[in-house]
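Colleague: Got a minute to go through this one with me? I'd like to start on the outside and work inwards.

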Amino acid sequence: MSTATQAIQTAATPDQLPDMPLDPASIKEGNPVAKGTIIAQTADKKVSCGQWSCEPGKFEWTFIWDECVQLLEGEVDVTDIATGQTVTLRAGDMASFPLGMKTVWHVKQKVRKFFTVRTPEPLEL
């Protein structure tokens, strides 16, 4: 009988995030410079968590994974393109976005979020 070794993963909150650029074709207004990093992953790399930030602007985003977020700072309006529903997220707010949802993000004040994503395939960034 084999036993897999598991360990608690820890990480300090990053002071600076590396660039995680948006597709230039997705940008609708402004200069929404995005940065982010994965902080921890499961062994199969299908569940990942990390932090992401973005400067003010507007862009389209299609979720290629299931994602849960908590906004740490800033303000953003997120619109579900299919339904037209818009939610405003501010520091402390949490939200969940399903795989395949097409959205427009209107970042009003620089945002920083903590995220957890579940991907169909291992996530390599």
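**From the surface to the core**

Modeller: Pro 21 is exposed, with a relative accessible area of 69%. Keep in mind that this is a predicted model.

Colleague: OK, where is Pro 21 found, and how far apart are the C-alpha atoms of Pro 21 and Ala 34?

Modeller: Pro 21 belongs to the segment before β1. Along the chain, Pro 21 and Ala 34 are 13 residues apart. In space, their C-alpha atoms are separated by 5.3 Å.

Colleague: Staying with that segment, is Ser 26 buried or exposed?

Modeller: Ser 26 also sits in the segment before β1. Leaving out neighbours within four places in sequence, Ser 26 is in contact with Lys 58, Phe 59 and Glu 60. Its relative accessible area is 11%. The cut-off for that class is under 20%, so Ser 26 counts as buried.

Colleague: And Gln 9? Which backbone oxygen does its side chain reach?

Modeller: Gln 9 is placed in the segment before β1, and at 48% relative accessibility it counts as partly exposed. Not counting residues up to four places away in sequence, Gln 9 touches Ala 40 and Gln 41. At 2.5 Å, its side chain reaches the backbone oxygen of Gln 41.

Colleague: How far apart in space are Gln 9 and Thr 42, C-alpha to C-alpha?

Modeller: In sequence, Gln 9 and Thr 42 are 33 residues apart. C-alpha to C-alpha, the spacing is 9.4 Å.

Colleague: On to Lys 35. With which side chain does its side chain make a polar contact?

Modeller: Lys 35 has its place in strand β2 and is partly exposed, with a relative accessible area of 30%. Beyond four places in sequence, Lys 35 touches Leu 17, Pro 18, Asp 19, Met 20, Gln 51, Trp 52 and Ser 53. One of these also gives the polar contact, at 3.4 Å between side chains: Asp 19.

Colleague: How far apart in space are Lys 35 and Gly 100, C-alpha to C-alpha?

Modeller: They are 65 residues apart in sequence. The C-alpha to C-alpha distance is 22 Å.

Colleague: What about the backbone of Lys 45? What is its phi?

Modeller: Lys 45 lies in the loop between β2 and β3. Its relative accessible area is 28%, so Lys 45 is partly exposed. Although Lys 45 is not a glycine, its phi is positive, at about 60°.

Colleague: There's another loop residue I'd like to place. Where does Gln 85 lie?

Modeller: Not counting residues up to four places away in sequence, Gln 85 touches Val 78, Thr 79 and Asp 80. Gln 85 and Thr 103 are 18 residues apart in sequence and 9.7 Å apart in space, C-alpha to C-alpha. The home of Gln 85 is the loop between β5 and β6.

Colleague: Now the largest pocket. How much space lies in it, and which residues are the closest to its centre?

Modeller: About 290 Å³ of space lies in the largest pocket. It is lined by 16 residues, and the closest to its centre are Met 20, Trp 52, Trp 61, Trp 65 and Glu 67.

Colleague: Which element gives the largest share of that lining?

Modeller: The elements that give two or more residues to the lining are β2, β4 and β8. By class, the lining divides into 14 nonpolar, no polar and two charged residues. Four residues, the largest share, come from β8.

Colleague: Strand β8 holds Lys 113. Which side chain does the side chain of Lys 113 make a polar contact with?

Modeller: At 6% relative accessibility, Lys 113 counts as buried. Among its contacts beyond four places in sequence are Trp 52, Val 69 and Trp 105. The polar contact is side chain to side chain, at 2.7 Å, and the partner is Glu 67.

Colleague: Last one: which element gives the largest share of the largest nonpolar core?

Modeller: Of the 20 residues in that core, Trp 52, Cys 54, Val 76, Phe 97 and Trp 105 touch the most other members. Two or more residues come from each of β3, β5, β7 and β8. Five residues make up the largest share, and they come from β8.

Conventions:
Residues numbered from 1 in each chain as written. Predicted model: local features only at pLDDT ≥ 70, side-chain atom pairs only at ≥ 80, totals over all residues. Heavy atoms only, no water. 1 Å grid on protein atoms, 1.4 Å probe; cavity = no way out; pocket = protein on both sides within 12 Å on 5 of 7 lines; lining within 4 Å. Points joined across faces, edges and corners; volume = space filled by probe spheres on them. Nonpolar A, V, L, I, M, F, W, Y, C, P; charged D, E, K, R; others polar. Buried < 20%, exposed > 50% of the residue type's maximum accessible area, 1.4 Å probe, protein only. Polar contact = N/O pair within 3.5 Å; in protein donor to acceptor, adjacent residues only side chain to side chain. Contact = heavy atoms within 4.5 Å. Core = buried A, V, L, I, M, F, W, Y, C linked by side-chain atoms within 4.5 Å.
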